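These are my notebook entries on a single chain. I set down what I looked up, topic by topic.

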Amino acid sequence: MGFAMKKYTLLITVIALIATVFMVGCDDRSPVAPSSEPANILKIVRISTSADSIYLDEGRTFAEISVHVEDEDNNPVVNQPVYFKKDLGKLLAVTSTDAYGIAQATFTDDGQAGLAMITAYVQSPTVGNADSLVTVAEASIPVKIVEVPDVGNITIAVKADPDATEEITNPFVNETVYVEVVAKDSQGENVPDGTVLTFRTTKGFFETNTAASLGDSVMVQTADGNAALFLNTGNGPGAVTVNIRVGVYQQTKTFTIESEAQILHIHNIEATPESIYSDNNITFSNIRVWIRDAEQFAAAGVPVKFRTDIGRIIGTVYTDSSGVATTSFWDDGYYHATDNLATIEAVVKSYSTINTATVIATDSEFVNVRILPVPPVNSVILSTLADEFRVTQKVTVTASATYTNGDDVTDNTLITFSTSLGTFEDTEETLLGNAVSVPTSNGTASIIFNTGLRADMGTISALVSDVTPASHDFVVKPGRPAILEINSLILEPNSDVIVDTTDTWPVNSNFDIVIQTKVKDAFNNKCPGAAVKFLTDLGTYESQDEEIIKNSDEDGIAKVLFTPGLEAGIANMTISANQDTLQAQYVFTVTSDDLYSISFTTDNQIDINVAGTGGQESAILSVNLRDINGNFLNNPTTLYFWIRNVSVPEGANLDNENTGWNDDPVEITSSGGIAQISVNAGSESGILSVLVSTLQEHNDATLYPTDADAAAAGAIYARKSNIVIHAGPPETIEPFIGDFNTGTLMGGGVWQLIAGANIKDTYGNPVDYGTSVWFELDRPTSVQANVVAEAYVGNESVDGDSLQGIAYTTLAYHGSNSYADVTIIANTIGGEGQTVTGNATLPLPLQQPQLEAQAMPGVLEFWPANPDGSGYAWLAIAGLNRVKLTDGQGNPINGGFISASADRGRFVNVDVNCDNGLPWDGPTYGPRTHADFVEINETANQGADLYETTYWFNQQGELDQGTAIFWWALNAYEIRPYDPNTATPGQTPAQLTFRLLGTGATANSQVMVYNYSFDIMLPN
């Protein structure tokens, strides 16, 4: 105790020392507004330091120098500059006073140890001369800069107070704890007295023993190696770190600040009801407990534990948002005549907020519930119910029960509901079956009754224990008609004897035809008394009308007598109910027996393909057999089919049997008034004529050559002569491509062009659609081109075109390959499986040509032939013209033929082996002889004199693709002469025109000739 008190006294001393050092900053005098009149004399009334020594530690320790300035009336001077000077260390040279007349500056070391003398001074105006300043006050104070002491170990302890012997780890918020520090040197001895320790905290603030705040960073001197401060933990919980530093040596201690623990208590407890029956857990009591905290607020989410001495209870329940925990208590089969009072205890515990396993407080309350014997039930009453329901109808059935003492049965007494028809369900439409037990509430139990899907009679009952049940009888009627089941009956005349149930009957029959409709609801229950409407588009009902209404009988059946009359055909009947919202269709066929006409089902041309060409090689010929009224002939009838051609295309036949004029006919038996036969193509194209007849015999080789012959023979017949067998298999194939300016720009210098092949059979006819073709380019080739391989006859080109006998594809090539030859190969399959091949070598056409011409130079000068002007030259001057050819994407084009013309002069060949390929070296060079130039046609646009774009070297020696070179010259007599009087050269313009043959593309260039010759002589 004595040692603790000693340390406590030491702490008070240190804190007092710190308070003294900082008393200037804590001056309790109020700030004074500066005087409106300037003071004459200023004075420094006090200079102080927060520490009389600091460490040589690169500014980690410091001393606050405080200077208090007043005027001659002893009033604090505000915003007065205070100037500092020192002979050692570092601090600001000037600062200003605050509202209390105090100026502060922070003094730190500058890397040198020693005694620093710090002087502060102020200046004030001289009396009567405000512009003249004089130093009127100064003050000095010493501060030592010393070496950092040897520190080898720092121990930090956090206690509840200075007298505590044990440390604490989890103080609460806004709690003041005692931070004790022991500092040892490297030898384990106490550091020297006066060693300055810097205390810092990451949360809260340090205090004196009088609760005066010192901030979160404080310097304290040791005594006997000890230093201590009080720490206020602040407002918020969380981790806090205390740091103790001496120079570069430091030590930290981290602990956790926790919120004040929540102390909970039970505000109230109640049981509802206060008594239950010993009925094996049917009845129960709700036990409710109100939990509040120390401030009487509801505590939510708190576990409350329950226990009872008899019966059964849910052991642990959490409070809701209103702080209430509710559990249930049952008898659990317990009953005793006298000892029947259950004591139920509720317990709530309060836990530490840091260590949740630590209980810091417990509260409990009690409540009693009595367990009584169950009295006998007197009666059960079923609520009033309707006598009739519809299928799937839902009603709420309620039953109530009372004890013999007249009281309602207790809550949760089970009433058992049962039904012989339908089912019970809960509020979520979950089916519960035809018997279910429901607990009572206030003596009443309710359940939802679903009448179900079956229309019938039923009984619903309610039963409690062995009391006579209450019951009610009801009828479930069917729903609205939803199903119409229709059939037809063939009855003996004026009788109910059924002959047949078919939906097909002859027109001339004397039997009765009855259309019968069974009406049902959506659940297959028969619907009696439903109004059913019958409507037909052939015949009448009961020989009266096309429309009639009948009501269904007790079995849900409605019947009507159908009279087809004299007309055969198909009777489309519409049967409806529910005021036409429910409809069904029924078809009854009235047949006929006497054949009157035969007709092919189509008048249009029938197209088939020669066998093996990949198209449709056969077609179905259908004929209709009708009676005199146009009805289909229902009875099976034998027909005979012939090919009527005198000359039949090779291999054509009917059903692979009849192949010509003299072959036996093909016999076909009709069904339902329709007969069909297959007509098949052979290996040759042409036209077929097919005859169908009811007679097989004929008198000569020409069967029914005219309609009169057929009529005389008594035949019923029909002819079809527009059956076409298309072209035969491929015999020849010719590839082709598009022409000039027909390509599509694809980018990257590439053009896409329509290509294709024309395929014909041996007769020169275009082959039929669908014939496959395979395209390829002859390889190897240096031309950048590709062709789409697969195609077929009749496909569409990229422009959407389609032609018979033509298979389209596309060819892609780089524009720089224009005029280059490519060989396209097209393949297909012939009639015997052989490959039919065709190829064509074709030039790649130029697309969107662009022609440019440039005279080089554009201005030429003609000088005398000789320096003295003598001699003659028939050739006055020559010019180089470059013509560039590109396509629409800028690709240089080689191989284009260019025609050149000029309005004067002529085009010549030049000896390119002399003078670097140019006709002259300069204006001073002598004249050329006739042998240097070879004349071309003056317009250079005939025959072999055309120039072709090719590879030329430019002046840098690089290949210049797509370029043609033209040399052009003027005769001397075509040049305007030099005018010696004005010393003006003759000026002669020339227009040169270049044309790309076959395209219409042109380009122009112009040359201006200046003549400086004095003497022009014509050649001999």
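**Entry 1: strands 48, 54 and 55.** I began with strand 48 (residues 606-608) and found that it runs parallel to strand 55 (residues 717-725), with three bridges joining the two. Within this pairing, isoleucine 608 stands opposite isoleucine 725 of strand 55. I then looked up strand 54 (residues 686-693), which pairs with strand 55 in the antiparallel sense over seven bridges. Here valine 692 has alanine 718 of strand 55 as its bridge partner. I note that the model is a predicted one.

**Entry 2: the chain as a whole.** I looked up the secondary structure and recorded two helices and 75 strands. The chain has 1020 residues, of which 44% count as buried. I also checked the contacts between residues at least 6 apart in sequence: 66% of them join residues at least 24 apart.

**Entry 3: an open sheet.** I turned to a sheet of three strands, which is open, has the order 1-3-6 and is paired in the antiparallel sense. Which strands stand at the edges? They are strand 1 (42-49) and strand 6 (102-107); each has a single partner strand, so one side of each is left without a neighbour in the sheet. From one strand to the next, I noted an average twist of 20°. Strand 3 (residues 63-71) and strand 6 run antiparallel and are joined by six bridges. Across this pairing I located serine 66, whose bridge partner in strand 6 is glutamine 104.

**Entry 4: backbone details in loops.** I searched for residues other than glycine with positive phi and noted asparagine 74, with phi near 65°. Asparagine 74 is found in the loop between strand 3 and strand 4 (81-86). Is asparagine 74 buried or exposed? Its relative accessible area is 45%, so I entered asparagine 74 as partly exposed. Asparagine 741 is also not a glycine and has a positive phi, of about 60°. I placed asparagine 741 in the loop between strand 56 (732-737) and strand 57 (744-747). With a relative accessible area of 40%, asparagine 741 is partly exposed. I then looked up a cis peptide bond, which joins threonine 272 and proline 273 with omega about -5°. Proline 273 lies in the loop between strand 18 (265-272) and strand 19 (275-277).

**Entry 5: nonpolar cores.** I next examined the largest nonpolar core, which has 29 residues. Which members touch the most other members? I listed Leu382, Val397, Ile415, Phe417 and Ile460. Among the strands that each supply at least two residues of this core are strand 27 (377-382), strand 30 (414-419) and strand 35 (456-463). Strand 29 gives the most to this core, with five residues. I followed isoleucine 460 further: leaving aside residues up to four places away in sequence, its contacts include Leu382, Val397, Phe424, Phe449 and Phe474. Ser418, Thr419, Ser471 and His472 are also among the residues that isoleucine 460 touches. I recorded a second, separate core of 28 residues, which includes Ala568, Ile575, Leu582 and Tyr586. As general background, nonpolar side chains tend to be buried together in soluble globular proteins.

**Entry 6: aromatic rings.** I counted 14 aromatic pairs. How do I class the pair of tyrosine 277 and tyrosine 403? Their ring centres are 5.6 Å apart and their planes stand at 75°, so I entered the pair as edge-to-face. This pair links distant parts of the chain, with tyrosine 277 in strand 19 and tyrosine 403 in strand 29, 126 residues apart. I found both tyrosine 277 and tyrosine 403 buried. The rings of phenylalanine 534 and tyrosine 541 have centres 5.9 Å apart and planes at 65°; this pair is therefore edge-to-face. I noted phenylalanine 534 as buried because its relative accessibility is 0%. Tyrosine 541, with a relative accessible area of 0%, is buried. I also marked an aromatic cluster formed by Phe389, Phe417, Phe424, Phe449 and Phe474.

**Entry 7: a charge over a ring.** Last, I looked up arginine 626, whose charged end sits over the ring of phenylalanine 632. I recorded a distance of 4.1 Å from the centre of that ring.

Key:
Residues numbered from 1 in each chain as written. Predicted model: local features only at pLDDT ≥ 70, side-chain atom pairs only at ≥ 80, totals over all residues. Heavy atoms only, no water. Pairing = 2+ DSSP bridges. Helix = DSSP H or I, 4+ residues; strand = E, 2+ residues; numbered from the N terminus. Axes fitted to C-alpha atoms, helices over the stretch in contact; angles between N-to-C directions. Buried < 20%, exposed > 50% of the residue type's maximum accessible area, 1.4 Å probe, protein only. Core = buried A, V, L, I, M, F, W, Y, C linked by side-chain atoms within 4.5 Å. Contact = heavy atoms within 4.5 Å. Phe/Tyr/Trp six-rings, centres within 6.5 Å; stacked < 30°, edge-to-face > 60°. Lys NZ or Arg CZ within 6 Å of the ring centre and 35° of its normal.
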